[in-house]
Amino acid sequence: MDAPNPRVGIAVFVRNSQGKFIVGKRQGSHGAGTWALPGGHLEYGESWETCAERETLEETDLKIRDLQYLTATNSVFEVERKHYITIFIGSVCEEGAEPKIIEPEKCEAWEWVSWEELLQFGKAGTQFEGRELFLPISNLFEQRPDFRV
């Protein structure tokens with residue numbers, strides 16, 4: 001059987017006024033039970049920034065601004081036979097804005113976490129408070145060990 005073609009995913013670091021980032025617990029898809037950034041698939045003809053704005057709004061009801069490219073990772077989900085190139089975008093949201101669960105079939109909960117907490121999620125072989133990161137974010141820490149937002 002031929003391997004499927006890689007897809008492009010967008011993952012968005014949404015920073016609030018306290019310097020924390022939003023992460024959500026995935027469900028109903030590959031990576032269910034892991035924690036991920038808002039994001040999704042890049043659509044035909046869409047810019048990375050437009051995709052980041054659209055996906056963040058669709059998933060959290062948060063409007064973001066000051067978007068910038070941060071880095072990219074390569075992730076192969078062996079069991080699911082999926083291969084993703086993930087583009088990471090940085091952004092900020094309005095002061096006091098709180099995420100909503102807009103797609104409960106895809107995301108169980110949203111939480112704000114500090115960069116230090118996110119690094120703890122991503123330490124190899126560990127789970128921070130029983131949490132595990134979605135593979136593209138885990139690969140971010142592995143493939144780009146000096147990366148900081």
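Let's start at a salt bridge: the side chains of Lys100 and Asp61 come together here, with 3.0 Å from N to O. Lys100 sits in the loop between β6 (82-93) and β7 (107-113), while Asp61 belongs to the loop between α1 and β5 (64-77), so this pair ties together parts that are 39 residues apart in sequence. Keep in mind as you look around that this is a predicted model. Both partners have some access to the surroundings: Lys100 is partly exposed, at a relative accessible area of 47%, and Asp61 is partly exposed too, at 36%. Asp61 has another feature to look for in the backbone, a positive phi of about 70 degrees just after α1.

From Asp61, step back into the helix itself. Helix α1 covers residues 48-60, a run of 13 residues that reaches 18 Å from its first C-alpha to its last, close to the 18 Å expected at 1.5 Å a residue. Which residues of α1 are buried? They are Cys51, Ala52, Arg54, Glu55, Thr56, Glu59 and Thr60. If you turn the model to see what covers these buried residues, you will find strands including β1 (7-15), β2 (21-26), β4 (39-41), β5, β6 and β7.

Arg54 deserves a second look, since a charged side chain on that buried list invites a search for its partner. Its side chain meets that of Glu58 in a salt bridge, at 3.4 Å from N to O. The two residues are four apart in helix α1, so about one helical turn separates them. Arg54 counts as buried because its relative accessibility is 18%, under the 20% cut-off. Glu58, in contrast, is partly exposed, with a relative accessible area of 35%. The pair does not stand alone: Glu43, Glu46, Arg54, Glu55 and Glu58 are linked in a network of salt bridges.

Now move on to β7, one of the strands that cover the buried residues of α1. Here the side chain of Glu111 forms a salt bridge with that of Arg131, at 2.9 Å from N to O. Glu111 lies in strand β7 and Arg131 in the loop between α2 (115-122) and α3 (135-143), so the contact ties together parts that are 20 residues apart in sequence. With a relative accessibility of 14%, Arg131 counts as buried, whereas Glu111 is partly exposed at 26%.

How many salt bridges does a search of the whole structure find? There are eight, and the pairs Lys100 with Asp61, Arg54 with Glu58 and Arg131 with Glu111 are among them.

Notes. Residues are numbered from 1 along each chain as its sequence is written. This is a predicted model: local features need pLDDT of at least 70, side-chain atom pairs count only at pLDDT 80 or more; totals for chains, interfaces and linings use all residues. Side-chain values use heavy atoms; hydrogens and water are left out. A salt bridge is a side-chain nitrogen of Lys or Arg within 4 Å of a carboxyl oxygen of Asp or Glu. Buried means under 20% relative accessible area, exposed over 50%, partly exposed in between (1.4 Å probe, protein chains only). The expected span of a helix is 1.5 Å times one less than its number of residues. Contact means heavy atoms within 4.5 Å.
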